[in-house]
Amino acid sequence: MLRDNINTALKDAMKSRNERSVSTLRLMNAAIKNADIEARGQGKEPLNEAELMSLFQKMIKQRQESAELYDKGGRPELAKAERDEIGIIQSYLPKQMSEPEITAAIEAAIAEVGAASM
């Protein structure tokens, strides 16, 4: 399903001539295909949804590191391009919980099990 969404988005981006989206979605497709080929070489099935999300998180981390290096090197236009790619990739990941949401979930879990100490 995630693969189909990416391919559909790629077609839409090509029709609307959104070059940043097209290039990022093509990079995502290439990363997926490379990971599938590597898995096949090890006798495994193609990546499932959870493994795809892990792959996308790795791609985001790489781009964050690149953006920081570009900032340090005085190349803000390249850093912005990396951050734009991060935004596109993140749109295919589940929404991350905010700090208050995490705290509330932890407190609810503690109350549910009745924990008084570690």
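## A polar contact at R63

A polar contact is a pair of N or O atoms within 3.5 Å; within protein, one of the two must be able to donate a hydrogen and the other to accept it. In this predicted model, such a contact, at 2.7 Å, joins the side chains of R63 and E85.

R63 is found in helix 3. Its relative accessibility is 10%, so R63 counts as buried, the cut-off being under 20%. Apart from neighbours within four places in sequence, the residues in contact with R63 are L27, E82, E85, I86 and I89.

## Helix 3 and its surroundings

Helix 3 comprises residues 49–72, 24 residues in total. From its first C-alpha to its last it reaches 35 Å, close to the 34 Å expected at 1.5 Å a residue. At the N-terminal end, N48 acts as the cap, with a side-chain oxygen 3.1 Å from the backbone nitrogen of A50. After the helix comes G74, whose phi is positive, near 75°.

The buried residues of helix 3 are L52, L55, F56, M59, I60, R63 and A67. Their cover includes helix 1 (2–15), helix 2 (19–41) and helix 4 (76–90).

## Packing of helix 2 against helix 4

Two packed helices are described by the angle between their axes and by the distance between those axes. For helix 2 and helix 4, the axes come within 10 Å and cross at roughly 65°. The crossing is right-handed.

On the helix 2 side, the contact is made by R20, S21, T24, L25, L27 and M28; helix 4 contributes A81, D84, E85, I88 and I89. By type, the residues of this contact divide into six nonpolar, two polar and three charged. Among the participants, L27, E85 and I89 are also in contact with R63.

## I6 in helix 1

I6 lies in helix 1, and because its relative accessibility is 0%, I6 counts as buried. Leaving aside neighbours within four places in sequence, I6 is in contact with L25, M28, N29, I32, F56 and Y92. One of these partners, L25, is 19 residues from I6 in sequence, while the C-alpha atoms of the two residues are 6.6 Å apart in space. Another partner, F56, is one of the buried residues of helix 3.

## Helix 5

Helix 5 covers residues 99–113. Its 15 residues should span 21 Å at 1.5 Å a residue, and the end C-alpha atoms are 22 Å apart, so the two values agree. Helix 5 is followed by G114, which has a positive phi near 70°.

Technical notes: Residues numbered from 1 in each chain as written. Predicted model: local features only at pLDDT ≥ 70, side-chain atom pairs only at ≥ 80, totals over all residues. Heavy atoms only, no water. Helix = DSSP H or I, 4+ residues; strand = E, 2+ residues; numbered from the N terminus. Expected span 1.5 Å × (residues − 1). Buried < 20%, exposed > 50% of the residue type's maximum accessible area, 1.4 Å probe, protein only. Contact = heavy atoms within 4.5 Å. Axes fitted to C-alpha atoms, helices over the stretch in contact; angles between N-to-C directions. Left-handed = near helix turned anticlockwise from the far one by under 90°. Nonpolar A, V, L, I, M, F, W, Y, C, P; charged D, E, K, R; others polar.
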